[in-house]
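Trainee: I have a model open and a pile of labels I'd like to understand. Can we go through how each one is earned?

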Amino acid sequence: MRGVIVTGAGGGMGRAIAEAFAKAGDKVLVADLNEAGLAQTVAAIEAAGGSAIAQRANVSQEADVAALVETAKQRFGRLDVMVNNAAILGPWVPIHEQSAEALDAVLGVNVKGVVFGMKHALLAMRAAGRGAIVNIASVQGVRVVYPGAAFYAASKSAVVALTRAAALENGSSNIRVNAIAPGPIDTPMLRAAAGDAWPPAIVGDVPLGRLGMPEDIAKAVFWLAGDEAAYVSGALLAVDGGFLAP
Ligand SMILES: NC(=O)c1ccc[n+]([C@@H]2O[C@H](COP(=O)([O-])OP(=O)(O)OC[C@H]3O[C@@H](n4cnc5c(N)ncnc54)[C@H](O)[C@@H]3O)[C@@H](O)[C@H]2O)c1
């Protein structure tokens, strides 16, 4: 049994990630701003025979993230896995139409949220002498594809760099840090961004010819966090149906 935290687990792929760990018998702390979504995640996990607790957290607030790690230590007695998944898209407009407020919001959740998640997980993991962190980046952190997503793409590039830096700094403490670059995954975020244009326009960019499902990402996160990936650190794993291949 491992102690696991998943942020942004009130829906979308965060919920599927939490379910994957719970199915394996791990104790999962699910965190989100969306408390109704969290209740649904816990209910789904419990209905499947698993165990999860929920805690509201705004990942852009360091105190909220520190409190998550405290809860995991108190309730589970350990923190083995931290999955920094929560993120927002921000306004989908070109840079010259963007605002300082939008920049603060996107970087606040997508970059500061990952920094805070890593920092407080690392403090606990370094004390324990083991751990694994998985950050959810994006194919857009590697290749800027869609006009209007500049802040989001920049935030996801930052997640890749932060992942590599943390892997470098913590390998000798027996802590692995990796990132996943999802391609287009069928979640509320994608549906909100793509609107009526989805899925044909997006599927056309995917060599495998389909959108990914949240479970496609959950399986990869589960693998990266576990002993099967014992020699993998600082990696960016594309789980994208071949999106980045061209
Ligand atoms: N869906 C895709 O196609 C896609 C592609 C590449 C990367 N991603 C990344 O995958 C991750 C999950 O995305 P998703 O598609 O499931 O999105 P989603 O919007 O469906 O879910 C994200 C969750 O994060 C929560 N959240 C937002 N701001 C928060 C905050 N400040 N504090 C705590 N929780 C907060 C939301 O309430 C929501 O439950 C994100 O990092 C996203 O950038 C998604």
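Mentor: Sure. This is a predicted model, and we can begin at the ligand: one of its oxygen atoms is 3.4 Å from a polar backbone atom of methionine 189.

Trainee: What makes the pair at methionine 189 a polar contact, at 3.4 Å?

Mentor: The cut-off for a pair of N or O atoms is 3.5 Å, and 3.4 Å at methionine 189 is therefore within it. Side chains do this too: a ligand oxygen is 2.6 Å from an N or O atom of aspartate 32, and 2.5 Å is the figure for threonine 187.

Trainee: Which residues come nearest to the ligand?

Mentor: Asp32, Asn58, Asn85, Tyr152 and Thr187, out of 28 residues around the ligand.

Trainee: On to the rings. Why are phenylalanine 21 and phenylalanine 222 called a tilted pair?

Mentor: Two aromatic pairs are counted here. In this one the ring centres are 5.3 Å apart, within the 6.5 Å limit, and the planes meet at 50 degrees; stacked needs under 30 and edge-to-face over 60, so tilted is what remains.

Trainee: What does the pair of phenylalanine 21 and phenylalanine 222 tie together?

Mentor: Phenylalanine 21 is in helix H1 (residues 12–23) and phenylalanine 222 in helix H8 (residues 214–225), so parts 201 residues apart in sequence are tied together.

Trainee: Are phenylalanine 21 and phenylalanine 222 buried or partly exposed?

Mentor: Buried means under 20% relative accessible area, so phenylalanine 21 at 0% is buried. Phenylalanine 222 has 30%, which lies between 20% and 50%, so it counts as partly exposed.

Trainee: And how do you know that tryptophan 92 and tyrosine 146 pair?

Mentor: Their ring centres are 6.4 Å apart, and the limit is 6.5 Å, so they pair; with planes at 45 degrees, the pair is tilted. Tryptophan 92 sits in the loop between strand E4 (81–84) and helix H4 (100–128), and tyrosine 146 in the loop between strand E5 (131–136) and helix H5 (150–170), 54 residues apart. Tryptophan 92 is partly exposed at 35%, and tyrosine 146 is partly exposed at 25%.

Trainee: Why is glutamine 55 called buried, with 19%?

Mentor: The line is drawn at 20%, and 19% is under it, so glutamine 55 is buried. This residue belongs to strand E3 (residues 51–56). Leaving aside neighbours within four places in sequence, glutamine 55 has contacts that include Leu29, Val30, Asp32 and Thr71.

Trainee: What makes strand E1 (residues 3–7) largely enclosed?

Mentor: Five of its five residues are buried, so the rest of the structure largely encloses E1. Both faces are covered, with Gly3, Ile5 and Thr7 on one side and Val4 and Val6 on the other.

Trainee: How do you know that E1 pairs with E2 and E4?

Mentor: Pairing takes at least two bridges; E1 has five to strand E2 (residues 27–32), running parallel, so that pair qualifies. Three bridges join E1 to E4, also parallel, so this pair passes as well. Glycine 3 stands opposite lysine 27 in E2, while valine 6 has valine 83 of E4 as its bridge partner. E1, H1 and E2 also form a right-handed β-α-β unit.

Trainee: Last one: what makes the phi of asparagine 174 worth flagging?

Mentor: Most residues other than glycine have a negative phi. Asparagine 174 has a positive one, near 65 degrees, and is placed in the loop between H5 and strand E6 (175–182).

Technical notes
Residues are numbered from 1 along each chain as its sequence is written. This is a predicted model: local features need pLDDT of at least 70, side-chain atom pairs count only at pLDDT 80 or more; totals for chains, interfaces and linings use all residues. Side-chain values use heavy atoms; hydrogens and water are left out. Rings of Phe, Tyr and Trp (its six-membered ring) pair if their centres lie within 6.5 Å; planes under 30 degrees apart count as stacked, over 60 as edge-to-face and the rest as tilted. Helices (H or I, at least four residues) and strands (E, at least two) are DSSP runs, numbered from the N terminus. Buried means under 20% relative accessible area, exposed over 50%, partly exposed in between (1.4 Å probe, protein chains only). Contact means heavy atoms within 4.5 Å. A crossover is right-handed if, with the strands pointing away from the viewer, the path from the first strand over the helix to the second runs clockwise. A residue is near a molecule or strand if one of its heavy atoms lies within 4 Å of it. A polar contact is a pair of N or O atoms within 3.5 Å; within protein, one must be able to donate a hydrogen and the other to accept it, and residues adjacent in sequence count only if both atoms are side-chain atoms.
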